[in-house]
Amino acid sequence: MEYLVMLPGPTNVPNRVMNAMLAPIINHRSEDFRILYKSIVEKTKKLFQTESDIVLLSSSGTGAVETSVINLVKKGDKVVIPVNGEFSTRLADLIDSWGGQSIRIESPFGENPPYEKFEEVLDQHKDIKALYAVYNETSTGTTIRYMDKLGELCSKKDIFFIADSVSILGGDDLPVDKWNIDLCVTASQKAIAAPPGVSPISVSKKAKKYIQDNPPPTLYFNLKRYFKYFEEHYETPFTPALPLCYAYDEALNLIFEEGLAQRIERHKKCASAFYEGLGAMGLTPFAKPDARSNVVIAVNYLPNIDDKRFRDLLSNEFKVLIAGGFGNLKGKVFRIGSMGEVNKYHVVRTLSAIESAFKMMNIDVPSGAINKALTKI
Ligand SMILES: Cc1ncc(COP(=O)(O)O)c(C=O)c1O
């Protein structure tokens, strides 16, 4: 029996998308590839809701995040970044290791700083180059709900706005142009529901001009090369992961067959069903209510629950995969990826497996979680 993959990435991939990878290998310097790549770029623009340039990297999300840093941040550049979890910490460290100077707006894990804090910091420092934000902090199930305001602020201050949207794009609102996002990075294996291995990035006109005038001293993740190859040939500068391009293209087809708005609504409903059902079992979400994610459900463990035993039971007895916590949160929270294909069946099967695992561990939780969850879907 196959696993139900309720991880915060990778997620379940529909058969149609998996089967697309069986298409024959083509010449990536031929009209066959150009047709495929143009189609991918056009659909990705629609998904990002942008007129910006699109680049598809053959890498996981970290490659796209790193690309956003090495193409924009130069030695000594000041970069503001909210930090409240593993991925925002990693990104801030990356900015520093590349020679930038991160100005970290820290907040407790599970909470975002008040929006006013950004105005304050940007007023204090007159020479900020960019604001980086992890839209959905996957390690804590925390989403920034004022990305639109951050975009407006960045426009007003004429600084770059970069969004790490790796774990959220395709599962929640993200109109890139409306929110003035200069670089938006994501990955195929999360809310887009494709296999891991390709990562799209959007690049605004302003960011593109800057990058073309100041390309980084690197080869693979050098965006200037990607612009040139696309403009001259509709190709990528290096050999693309062809089977993954086919799969990603098919995943985009599925997204638009459903409709982006409907897809986002489905994610909202499934998240709300998870929160309701887990709440009925007496569990509490890790993130504060105004920051709760619709794609990653992070939940506090009840006292004295052995994380490994619990997740092993789910995996071995019920074939349901969920994730544990990172760093300090290891053993304190578990995380469910409610993204991509997620629907009523996934929610019910996951909740039922959780309830049963608790029973097997002799942990008493109130019954009725599934009926409560079903009121939300
Ligand atoms: C917010 C965020 N950024 C970056 C990454 C890194 O992506 P990948 O594991 O695909 O390299 C992840 C992965 O979970 C993530 O959730």
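**Notebook: loops, domains, two helices and a ligand shell**

I began with Asn-362, which is found in the loop between α12 (344–360) and α13 (369–374). The model is a predicted one, and I kept that in mind throughout. Asn-362 is not a glycine, yet its phi is positive, at about 60 degrees. Is Asn-362 buried or exposed? I found 6 C-beta neighbours inside 10 Å, so Asn-362 counts as exposed.

Next I looked up Lys-319. Its place is in the loop between α11 (307–318) and β12 (320–321). Here too I read a positive phi in a residue other than glycine, near 55 degrees. Lys-319 has 14 C-beta neighbours inside 10 Å and therefore counts as partly exposed.

I then went to Pro-10. It sits in the loop between β1 (4–5) and α1 (15–20). The peptide bond that joins Gly-9 and Pro-10 is cis, with omega about -5 degrees. I noted Gly-9 for later, since it also belongs to the residues that surround the ligand.

**Domains**

I checked how the chain is divided. Domain 1 covers 4–8 + 259–374, and domain 2 covers 21–257. Their centres, taken over C-alpha atoms, are separated by 28 Å. How many residues of each domain are in contact with the other? I have 25 from domain 1 and 24 from domain 2.

I looked at the domain 1 side of this contact. α10 (260–280) and β11 (296–300) each supply at least two of its residues. The largest share comes from α10, with four residues. By type, I list 14 nonpolar, five polar and six charged residues on that side.

**Helix α2**

I tested the length of α2 (residues 31–48). Its 18 residues, at 1.5 Å a residue, should span 26 Å. The end C-alpha atoms are 25 Å apart, so the two values agree.

Which residues of α2 are buried? I listed Leu-36, Tyr-37, Ile-40, Thr-44, Leu-47 and Phe-48. They cover an arc of only 95 degrees around the axis, which means that they lie on the same side of α2. The face turned away from that buried side carries exposed residues: Glu-31, Ile-35, Lys-38, Glu-42 and Lys-46.

I followed the packing of the buried residues. Their partners are β2, β9, β10, α9 (242–258) and α10. α10 had already come up on the side of domain 1 that touches domain 2. Just after α2, I read a positive phi of about 55 degrees at Gln-49.

**Helix α3**

I turned to α3 (residues 61–70). Gly-61, Ala-64, Val-65, Thr-67, Ser-68 and Val-69 are buried there. I traced the elements that these buried residues pack against: β2 (53–57), α4 (86–97), β8 (160–164), β9 (183–185), β10 (199–203) and α8 (223–233). β2, β9 and β10 are also partners of the buried residues of α2.

**Ligand shell**

Last, I looked around the ligand. Which residues surround it? I wrote down Gly-9, Ser-60, Gly-61, Thr-62, Val-65, Phe-87, Val-134, Thr-138, Asp-164, Val-166, Ser-167 and Ala-187. α3 gives the most to this shell, with three residues. Gly-61 and Val-65 are in the shell, and I had both among the buried residues of α3. By type, the shell divides into five nonpolar, six polar and one charged residue.

Notes
Residues are numbered from 1 along each chain as its sequence is written. This is a predicted model: local features need pLDDT of at least 70, side-chain atom pairs count only at pLDDT 80 or more; totals for chains, interfaces and linings use all residues. A residue is buried if 20 or more other C-beta atoms lie within 10 Å of its own, exposed if 12 or fewer, and partly exposed in between; C-beta atoms are placed from the backbone. Two residues are in contact if their C-beta atoms, placed from the backbone, lie within 7 Å. Domain bounds come from an automatic or database domain assignment. Ala, Val, Leu, Ile, Met, Phe, Trp, Tyr, Cys and Pro count as nonpolar, Asp, Glu, Lys and Arg as charged, and the others, Gly among them, as polar. The expected span of a helix is 1.5 Å times one less than its number of residues. The arc is that of the directions from the helix axis to the C-beta atoms. A residue is near a molecule or strand if its C-beta atom, placed from the backbone, lies within 6 Å of it.
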